[in-house]
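Visitor: I'd love a close look at one part of this model. Could you take me through it slowly, please?

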Amino acid sequence: MKDMPGLRPKVSIIGAGNVGVRYAFALIMKGLARSVVMVDLDRRRAEGEVMDLSSVMPYIPPVNISTGDYDDLEGSDLVVISAGRKQKPGQGRLDLAAANVVLFREMVPEIMKASPDSIWLVAANPVDVLTYAALTISGKPWQQVIGSGTVLDSARLRLLLSERCEIDARNIHAYILGEHGKSEFAAWSRALVGGVLFEDYCPMCGRCRDYHETRLSVFEEVRDFAEKVIERKGETSYGVALAMVRITQAILNDENSVLPVSCYTDGYNDVSGVCLSVPSVINRTGVRELIRIRLSAEETKSLHESARALKEVIKETGL
């Protein structure tokens, strides 16, 4: 299908790999966009994916989905950047940084020419470094450049806690913050189960023998989850695609939702000059504000360690 200018909201996706395509599928099934454009260096593959997705048009909310080039990003409300080198088994997210920063130095100016005023959502890894790269290379306002961050990690944390506590995950509020990677941490001091602090609820629940042991085992499972998936199937895509759709929904529907996205910090708990995940209010303008939650001393230390680790990688890539 051809791009039909004027249809809004318009979402453009850079990268027709597994993450980009599964995001596109979830996006059109959700009915969040009226126009979706897919851009990929392998134009033929992108055309095949669009043809495949177009087959179900009679069964989903109206949407026009097409392939295009950078010029076709014009008029986008949201540009999603999922293009990047794929993470290999045993390879850390930060090991990907150098190659993907080079790729971003080529892509970002082209995206900026075609769609300078849109909100950008970065999903390629290492997402914190590449969110920073997109921001610095483009020169866009920091509020308009968002990384998928720890939205998925936090969902996994809530899921595991719901299983342990036998409580609906929608009634559990807990965040994984910092880097989307090995230095991430759980903000246990702010975790809530039905409005009760987790540390208070756990003794009342009685399902776990040891509160601290439960915290450690749950966090380790969350932190290592993606690595275990990659060991088994070579990549992760469904989970992050759905997390991206959740962020997209908050943006396009102007929801003012609080999500732990990766964004630029300037004095957040004394952390500045880096992109990492903190609770942020997301709406049609991008990041409306950062929610400054009170962290414990241990969690504040973990946030600073995440920032230091990311800054080292940023420096090594020449950003």
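Visitor: In which strand does methionine 38 lie, and what surrounds that residue?

Guide: Happy to help, and please keep in mind that this is a predicted model. Methionine 38 is part of strand β2. Its relative accessible area is 0%, so methionine 38 counts as buried, the cut-off being under 20%.

Let's see who its partners are. Setting aside neighbours within four places in sequence, methionine 38 is in contact with Ile13, Gly15 and Ala16, among others. Its contacts also include Gly20, Val21 and Ala24, as well as Val50 and Leu53. Ser66, Thr67 and Gly68 are on the list too. For a sense of how the chain folds back here, take aspartate 72: it is 34 residues from methionine 38 in sequence, while their C-alpha atoms are 9.2 Å apart in space.

Several of these partners lead us to helix α1, which covers residues 18-30. Within α1, Val19, Gly20, Val21, Tyr23, Ala24, Ala26, Leu27 and Ile28 are buried. The elements covering those buried residues include strand β2 (35-39), along with β1 (10-14), β4 (78-81), α2 and α8 (238-252). As for the helix's length, its 13 residues should span 18 Å at 1.5 Å a residue, and the C-alpha atoms at its ends are 18 Å apart, so the two values agree. After α1 comes glycine 31, with a positive phi near 75°.

Now to the neighbouring helix, α2 (residues 43-54), which packs against α1 at an angle of about 25°, the two axes being 11 Å apart. Because angles under 35 degrees count as roughly parallel, α1 is roughly parallel to α2. Their crossing is right-handed. On the α1 side, the residues that meet α2 are Asn18, Val21, Ala24, Phe25 and Ile28; on the α2 side, they are Arg45, Glu49 and Leu53. Sorted by class, this contact has five nonpolar residues, one polar and two charged.

You can now join the two views. Val21 and Ala24 of α1 take part in the packing against α2, and both are also in contact with methionine 38. Leu53 plays a similar double part: it belongs to the α2 side of the helix pair and touches methionine 38 as well.

Definitions and conventions. Residues numbered from 1 in each chain as written. Predicted model: local features only at pLDDT ≥ 70, side-chain atom pairs only at ≥ 80, totals over all residues. Heavy atoms only, no water. Axes fitted to C-alpha atoms, helices over the stretch in contact; angles between N-to-C directions. Helix = DSSP H or I, 4+ residues; strand = E, 2+ residues; numbered from the N terminus. Parallel < 35°, antiparallel > 145°, perpendicular 65-115°, else oblique. Left-handed = near helix turned anticlockwise from the far one by under 90°. Contact = heavy atoms within 4.5 Å. Nonpolar A, V, L, I, M, F, W, Y, C, P; charged D, E, K, R; others polar. Expected span 1.5 Å × (residues − 1). Buried < 20%, exposed > 50% of the residue type's maximum accessible area, 1.4 Å probe, protein only.
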